[in-house]
Amino acid sequence: MTRYQTPSFLPATRLVAEREIRMKLRSRSFLISTGILMLLVLGSVIVAGFTGANPSLTKVAAVGTAVAVAEESGVLDVTEVGTADEAKALVEDETADAAIVPDSASETGFTVIGLDAAPGDVISALSITPAVELLDPASTDAFLAYIVSIGFGLVFFMAAITFGQTIAQSVVEEKQTRVVEILMTAVPVRVLLAGKIAGNSLLAFGQILAIAIVAGVGMLATGQDLLLADIGPSIIWFVVFFAFGFIMLAALFSATASLVSRQEDLASAISPVTTLVMAPYILIILFNTNDLIVGIMSYVPFSAPVGMPMRVFLGTAEWWEPWLSLGVLLAFTAAIVAVGARVYENGLLRMGAKVKLLDALKRS
Amino acid sequence: MLELQNINRSFGDRHVLKDVSFTVEGGRMTGFVGGNGAGKTTTMRVILGVLAPDTGTVTLDGSPVTSADRTAFGYMPEERGLYPKMKVGEQIAYLGRLHGMPAAVATSRADELLDRLGLGERLGDTVESLSLGNQQRAQIAAALVHDPDVLVLDEPFSGLDPIAVETVLTVLKDFAAKGAPVLFSSHQLDIVERLCDDLVVIADGAIRARGSREQLRAEHTLPRYEIQLDGDAGWLRTEAGVTVLEFDGGYALFDVDDAQTAQRVLSRAIATSSVEKFAPRVPSLAQIFREVIR
């Protein structure tokens, strides 16, 4: 009778990881949701490209000598008309945003005619402005910062929840169907855990990487090179932080899932972890301009994958800060994986009621 | 040879296994019978290392079973479990690969085994789409795919129709014939009676009887005989050393004090009338079972 050599840790882990990936890639809902996510990212990049590349000029109607002045400003789309009345008519039917007519009574020699409010952009285009010096200029505009923070927060949140739940369900599926008893006679429990974490982390990482590439290529293709140069480094940091951050989350998800025996009990068991995942998403949206809170977030391991890239983007992080934060994250991940493995080993064979976390930690 | 020595295990203050000792010989099918909650599944889990005993040892060919040894065990847990959404063939091959079989070998072995178990047509179907009986067959394939050194099956026949029982029986007998120890539990005593070479009876966490089927049967066979005569058998009542238990004209069920008395009775019966039947009353496994667990 042939006695097969049990595979050692790495090949066995690879087998388990391969199965996790293969089963996930076979799931139609996963493929469809990934496709939709990609399209959303690509779509928003393209829309941003069009609105950014062709800012619509303010339309004005100008009469006589006003035409040359209006054109000189360079930011107005000028339509030349014969009389002031014609110009007013264009403003009234909203073909033009404002009219500029010569007016000898005015100090400047012109009158700007608006419809229901003073047309600020036309006025400022025609005004002489004093030199402005900012002592502490904001490096990026607030709206863009807001969009980017939502982007990081949302992508992190979605990927972490999707794959965190996948890993948790897969742990409970094995427990619930008792296939785990057969698996345990074949390979050590640590192999099962490592394979699950590796498989799902690879999937999550692949998805994030694909999103980063789609966003990057989309920006290049739509001529937003400047924005890409601005946002590129933070995207790279995001991908790096996500990779390790997800390993930590995967260990947390699998350990907590191993405490229950039925899918029905799963949601309540993993809700503390889900909250941890949701926190950075909500915090970054609420406080993306608050340097103190984003600063704290960028060092707390659970929120660092969102907080630190955000600070890199805002330019508020020194060059060494992402590295330090990454170090903290790595140390924390190692600790969580060690504790998670212990809980997982102890929780796996306890069927029935939910195992108390303390019990799972105690007995080895 | 797989041997259990003085296994004890408690869950809280419930003493579930009490000094459980028995052996499972190589090349023989050992039936493991006991009522619900008698400790069969716990014992099997201890053998598989899924559960640690409080005291006692499990040895294989004389040396304590290591986790490396256990990877060469085949196990069918009481509560069946396979991945519901995975294809049958793929799944059995995957389990084979986890046991270290090369991919191609695992696949061909899985296909061959499933084919022998009558699932040849269903290799590409997901487990959840199979009927319970067919899932059971797949489960048996999962226990056998890596040519285990030791096979432990918890209730392998429950839920199978008579034809499936025959199929599984053949596969298991072929397997045991290769020399591996096979331990299986069952509630269906008639199947155990046909299939097993050795028998272990457990009740309330303690082993009540163990040994070969013949040996147990001999131990529990009383010197009891049945006789059916053409004529009246009333003379039996006065025969020395005979205790008549049932009597009905030509029929009698009786105990004797020794084998010679039985022979004497037979000689006299032949001399007085024609004998239609004379046989020792052999107890069925169910009867022995009831007797030992009492």
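Reader: Why are α9(A) and α12(A) called roughly antiparallel to each other?

Author: Happy to explain! Their axes, lines fitted to C-alpha atoms over the stretch in contact, with angles from 0 to 180 degrees between N-to-C directions, come within 8 Å and cross at roughly 165 degrees. Angles over 145 degrees count as roughly antiparallel and those under 35 as roughly parallel, with 65 to 115 roughly perpendicular and the rest oblique, so α9(A) and α12(A) are roughly antiparallel. This is a predicted model, where local features need pLDDT of at least 70, side-chain atom pairs count only at pLDDT 80 or more, and totals for chains, interfaces and linings use all residues. Residues are numbered from 1 along each chain as its sequence is written, while chains are lettered from A and ligands numbered from 1 in the order in which they are written.

Reader: Which residues of α12(A) meet α9(A)?

Author: A304(A), P305(A), M308(A), P309(A), V312(A) and F313(A) do, and their partners in α9(A) include W237(A), F241(A) and G245(A). Contact here requires C-beta atoms, placed from the backbone, within 7 Å. By class, this contact has 12 nonpolar, two polar and no charged residues.

Reader: What makes α3(B) and α5(B) roughly parallel?

Author: The axes of α3(B), residues 88–98, and α5(B), residues 132–144, cross at roughly 25 degrees. That value falls under the limit for roughly parallel, so the label fits.

Reader: Which residues bring α3(B) and α5(B) together?

Author: V88(B), I92(B) and L95(B) of α3(B) meet A138(B), A141(B) and A142(B) of α5(B). By class, that contact has six nonpolar, no polar and no charged residues.

Definitions and conventions
Helix = DSSP H or I, 4+ residues; strand = E, 2+ residues; numbered from the N terminus. Contact = placed C-beta atoms within 7 Å. Nonpolar A, V, L, I, M, F, W, Y, C, P; charged D, E, K, R; others polar.
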